[in-house]
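Let us take a friendly walk through a protein model. Keep the picture open while you read, and find each residue as it is named.

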Amino acid sequence: MGEPSTHYGACNLCEAICGLEFKVQDGHILSVRGDDADPFSRGHVCPKAVALKDLHEDPDRLRKPARRTANGWQEIGWDQAYAEVADRLVALRKAHGTNSVAVYQGNPSVHNYGNLTHGQNFLGQLKSRNRFSATSVDQLPHQLVAYWMFGHQLLLPIPDIDRTQYFLVLGANPMASNGSLMTVPDFRGRLKELKARGGRMVVIDPRRSETADVADEHHFIRPGTDAALLLAMIHVLFDEDRVNLGAATAFVDGVDGVRDAVAPFTAEAAASVTGIDAATIRRLALDFADATAAVAYGRMGVSTQAFGSICQWAINLLNLLTGRLDAPGGAMFPLPAVDLLQGQSKAGHYNAWQSRVRGLPEFGGELPVVALAEEILTPGEGQVRALVTIAGNPVLSTPNGQQLDRALASLDFMVSIDFYVNETTRHAHLILPPTCGVEHDHYDLIFHHFAVRNTARWSAPLVDKPEGTRHDWEIFNGLARAYRERVEGDRPQPLGARLRKLPGLARQHLRPDQLIDLGLRLGPYGSWKRKREGLTLRKLKQHPHGIDLGPLQPCLPQRLFTPGKRIRCDIPELIGDVERARRQIGIGAAEGLRLIGRRHVRSNNSWMHNSERLVKGKDRCLLLMNPGDGSARSLADGTMATVRSRVGALEVTVHLTDEMMPGVVSLPHGWGHAREGVNLRVANAHAGVSVNDLTDEFLVDTLSGNASLSGVEVVVERLAA
Ligand SMILES: Nc1nc2c(c(=O)[nH]1)N[C@H]1C(S)=C(S)[C@@H](COP(=O)(O)OP(=O)(O)OC[C@H]3O[C@@H](n4cnc5c(=O)[nH]c(N)nc54)[C@H](O)[C@@H]3O)O[C@H]1N2
Ligand SMILES: Nc1nc2c(c(=O)[nH]1)N[C@H]1C(S)=C(S)[C@@H](COP(=O)(O)OP(=O)(O)OC[C@H]3O[C@@H](n4cnc5c(=O)[nH]c(N)nc54)[C@H](O)[C@@H]3O)O[C@H]1N2
Ligand code: SF4
Ligand SMILES: [Mo]
C-alpha cells in the first residue's frame with residue numbers, strides 16, 4: 001500500500017468552481033473537502049463535491065463504447081464505434097440532406113473544457129441547422145439581450161456582490177443552486193459579509209426559497225409577471241426623477257424610448273397582476289435608486305418564463321438607468337484569464353433562419369430545443385432522422401419529455417456521448433462514454449466569464465485515466481477523423497483551403513491544455529502582454545490553489561462589441577414585445593394554479609441521482625402547495641394527488657407549506673428515473689416523477705424561443721384511493 005497523498009483541484013459540477021482538497025491512496029479517493037487556501041471559494045463546498053468520488057466509482061457507468069442490440073448493450077472497440085457512427089451519419093445525410101442530422105448539447109458540455117475546445121472538430125463538419133442545446137431551457141434570454149445591448153452574447157453583467165449594499169434578487173435561489181450566471185462560491189459567507197457591512201438582500205420569488213429565507217425582505221410574486229413589476233419599477237424611476245446614468249451617459253442611447261415604452265406600467269397596473277401592492281413596488285424602486293451601491297439580478301425564474309427576454313432587458317435597464325452598470329457594487333463585467341471575447345467583433349446572428357415546423361428563431365447557430373420533438377416527428381423535406389446527443393438528458397430536461405421520448409424511439413440513428421444509459425441515451429444505437437471529472441484535467445473556460453471576482457485555477461487529473469477509456473475531446477477527435485475520411489477521402493486539399501482551416505487544424509492537433517496555455521499567454525494577464533510577470537499554464541500549475549486576479553474592474557465602453565461602442569436601450573424587438581406584457585396587465589390576475597420548479601442542494605439537474613449519499617433520506621420529489629390551496633381541494637399533507645396540464649398528468653405526494661404563494665405549486669426537475677431500460681440502479685430506487693411531463697413545448701418566451709418552464713397552468717386533484 002502506498003502512502004495517502006493530498007491533491008488539489010476544482011469541482012466542475014456546477015458554476016461555483018469550488019476548490020477541493022482530495023486525499024488519494026493507490027488511485028482510490030479517500031476523502032474530498034473544501035480547499036481552504038483557494039482565494040475564491042475559501043474552503044466552501046456543497047454535498048455534491050464528495051459525490052465526484054461516487055461518479056468515478058459508479059458500477060453503472062459505461063467505460064467502453066456500447067451498441068444497443070436485441071439482447072442488451074454490447075461492448076465494442078473505439079475505432080469500430082467511430083466508424084459505425086460516421087458510416088451511418090454520412091449515409092443519412094446523403095439520403096435526407098444536411099439538416100436531417102440534429103445535435104443536442106447538454107449542460108455539462110460547458111463544465112468540461114475539452115468539449116468546448118474540441119467539440120466543433122466533429123460537430124462543425126455536420127453543418128446542420130438543427131443544433132439544439134440546454135441553453136434554450138435556461139439562459140437564452142440573458143444571452144440574446146446581452147447580444148442586443150452589449151454586442152456579444154457572453155458579455156453578461158454580473159452582480160458585484162462583494163461590494164454591493166443592496167442586492168435585488170428575482171427568480172434565483174443561490175442558497176440551493178450555489179449561484180448561476182453569477183459564479184459565487186460560498187454565497188452564504190458572502191451574504192453574511194454583505195449584511196455585516198449594513199447591506200440588504202431583497203428577494204422576489206413565488207416561493208419562500210432557501211434564499212428568500214435568509215433575505216432582509218421577501219415578496220411573493222405571481223409566476224410569469226416579473227416583467228410588469230420591473231417595467232413598473234423603471235416607470236417609478238422616471239416618475240420620481242431617479243434616472244441617473246452616471247458615467248454611462250456618455251455612451252448610452254435610447255433612454256426616451258424606454259420612458260415611452262414603460263408609460264402604461266404604473267405601479268397600480270403592475271400590482272393587479274403581480275400580487276405585490278403598488279406602494280411596495282414604488283418603495284422597491286426608490287430603495288434601489290437611493291442605495292449607495294445596488295444591483296438587480298435575475299436568474300432561472302425570470303429567464304425560463306413567458307417574458308424571459310423582457311425580464312433580462314428590464315433588469316439591465318434598472319442597473320443602467322441608476323448608474324449601477326459597470327460600477328463597483330453594481331453589475332460589472334468580469335475579465336477572465338482566458339478571455340473568449342478577446343479579439344472578437346460583433347459576433348453572432350439572430351433569426352438568420354427558423355425552425356422548419358414552427359418557425360422559431362435561430363440564435364447564434366442554435367434553434368430552441370422546444371422544437372426538437374416536432375422536427376423529428378413531422379414528415380417532409382428536412383425532417384430530422386438522426387441525432388447526436390452530448391452530455392444531455394433532454395427527455396427529463398426539456399418540456400413535454402414524453403413526446404420527445406417517443407420521438408427519439410422513431411429515429412433512424414442516434415449516438416450519445418455520455419457515461420450513463422439514462423432516460424435519453426437508452427434510445428441511442430451507440431453510446432460513447434467519456435472519462436469523468438476527476439479523471440481528466442480541468443480549466444473553467446466558461447464560468448470565469450461570469451464570476452464575481454477574477455481568478456484562475458488549473459486542475460490536474462486526480463487519478464489516471466482508466467485503461468481503455470477516452471476523454472470527451474478524444475472522442476470528438478476520433479469521430480471527426482472518421483467522418484472527415486468518409487466525406488473528404490484522401491483528396492489533397494488546395495493550399496488556400498488548408499490555410500483557411502488553420503484555426504480548425506490547431507484544434508485538431510493541439511490538446512485542450514495546450515490551447516489553454518495559448519489562451520492564458522495571449523489573454524489579459526498573459527505573458528504576451530506582461531512578459532515575465534504574465535500568466536502561462538506553467539505558472540498557473542505552480543499555484544495549485546488558484547490565483548487571485550482581483551475584484552471586477554470597470555471596463556466600459558471599451559469592452560462593448562456594439563457599433564461605435566454605444567449601448568442602445570430601446571432595442572426595437574424588445575420595445576415591440578412590451579405590448580405583450582401590456583396585454584397581460586390589461587387582463588389582470590390569472591386564475592387557477594401555476595406550476596414552478598425547484599432545485600435542491602443535493603441534486604444536479606437530472607444526472608447525480610445515482611449517488612446514494614445524494615438521494616438518501618426523505619423523498620424530495622414532492623409537490624409543494626400552500627395549505628389554503630390544499631384544503632380547497634381536500635388535500636392533506638402527505639396525500640397523493642394528480643397534477644394535470646395540457647400535455648400530461650402525474651401522480652405525486654403533496655406537501656402543504658406556507659413557503660408557497662397561494663395559487664402556486666412547485667415540483668423539482670430532473671426526476672422520473674423509472675422508465676424502461678434505464679440502467680441507474682440507485683436513481684431507479686428513488687425514481688420520482690418528471691416535471692417536464694407537465695411543462696408545455698408551446699409555452700415559450702416569444703422573442704427567444706426559450707422554454708417557459710415556470711408558470712404552467714395545472715389542475716391538482718386528490719387521487720381517488
Ligand atoms: N444543487 C443544484 N445546483 C444547481 C443545479 C441543480 O440542479 N442543483 N443546476 C445548475 C443550473 S444548470 C442552473 S441553470 C442553476 C440555476 O440557478 P438558480 O436560478 O439560482 O436556481 P433555481 O432553483 O432554478 O431558482 C429559480 C427560482 O425562481 C423562482 N421562480 C420560479 N418562477 C418564478 C417567477 O415567475 N418569478 C420569480 N421572480 N421567481 C420565480 C423559483 O421559486 C426559484 O426559487 O443552478 C445550477 N446549480
Ligand atoms: N422543468 C424544468 N426543466 C429544466 C430546468 C428547470 O429548472 N425546470 N432546468 C434546465 C436547465 S437550467 C438545464 S441546464 C437543463 C439541463 O439539461 P441537460 O443538460 O439536458 O441534462 P442534465 O441533467 O444536465 O444531463 C447531463 C447529462 O450529461 C452526462 N454527463 C455529465 N458529465 C458529462 C461529461 O463530462 N461528458 C459527457 N459527455 N457527458 C456528461 C450525464 O450523464 C447526463 O446524461 O435542464 C433544464 N430543464
Ligand atoms: S457548489 Fe458544490 S457542486 Fe458546485 S462547484 Fe461547489 S462543490 Fe461543486
Ligand atoms: Mo442550467
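Which residues make a nonpolar surface patch of about 310 Å²? The patch is made by Leu495, Leu499 and Leu502. In a patch, residues have over 30% relative accessible area and no salt bridge; like charges are joined within 9 Å, and nonpolar side chains (Val, Leu, Ile, Met, Phe, Trp, Tyr) within 5 Å. Leu502 sits in helix H19 (residues 502–509), and its relative accessible area of 48% makes it partly exposed. Here buried means under 20% relative accessible area, exposed over 50%, and partly exposed in between (1.4 Å probe, protein chains only). Helices (H or I, at least four residues) and strands (E, at least two) are DSSP runs, numbered from the N terminus.

Before going on, a word about the model: it is predicted, with local features needing pLDDT of at least 70 and side-chain atom pairs counting only at pLDDT 80 or more, while totals for chains, interfaces and linings use all residues. Residues are numbered from 1 along each chain as its sequence is written, chains are lettered from A and ligands numbered from 1 in the order in which they are written, and side-chain values use heavy atoms, leaving out hydrogens and water.

**The ligands**

How many residues surround ligand 2? There are 29, and the closest are Tyr104, Asn107, Ser397, Asp418 and Ser606; a residue counts as near if one of its heavy atoms lies within 4 Å. Some polar contacts (pairs of N or O atoms within 3.5 Å) are set out here.

| Ligand 2 atom | Partner | Distance |
|---|---|---|
| oxygen | Tyr104, N or O atom in the side chain | 2.7 Å |
| oxygen | Asn107, polar backbone atom | 2.6 Å |
| nitrogen | Asp472, N or O atom in the side chain | 2.8 Å |

Taken alone, ligand 2 exposes 920 Å², and the protein buries 96% of that. Such areas come from the Shrake-Rupley method with a 1.4 Å probe. The shell around ligand 2 has 14 nonpolar, 11 polar and four charged residues. In this count Ala, Val, Leu, Ile, Met, Phe, Trp, Tyr, Cys and Pro are nonpolar, Asp, Glu, Lys and Arg are charged, and the others, Gly among them, are polar.

Around ligand 3 you will find Cys11, Leu13, Cys14, Ala16, Ile17, Cys18, Cys46, Lys48, Ala49 and Asn178. By class, this shell has eight nonpolar, one polar and one charged residues.

**Salt bridges**

How many salt bridges does the structure hold? It holds 47, a salt bridge being a side-chain nitrogen of Lys or Arg within 4 Å of a carboxyl oxygen of Asp or Glu.

Arg582 and Glu579 meet in one of them, at 3.1 Å from N to O. Both lie in helix H23 (residues 572–587), three residues apart, about one turn of the helix. Arg582 is partly exposed at 35%, and Glu579 is partly exposed at 34%.

Helix H23 also holds Arg580, which forms a salt bridge with Asp701, the closest N and O atoms being 3.5 Å apart. Asp701 lies in the loop between helix H26 (681–685) and strand S30 (712–718), so the pair ties together parts that are 121 residues apart in sequence. Asp701 is buried at 0% relative accessibility, and Arg580 is buried at 17%.

Elsewhere, Arg511 pairs with Asp513 in a salt bridge at 2.9 Å between the closest N and O atoms. Arg511 is partly exposed at 39%, whereas Asp513 is buried at 12%. Finally, Glu21, Lys23, Arg33 and Asp36 are linked in a network of salt bridges.

How values were computed
Polar contact = N/O pair within 3.5 Å; in protein donor to acceptor, adjacent residues only side chain to side chain.
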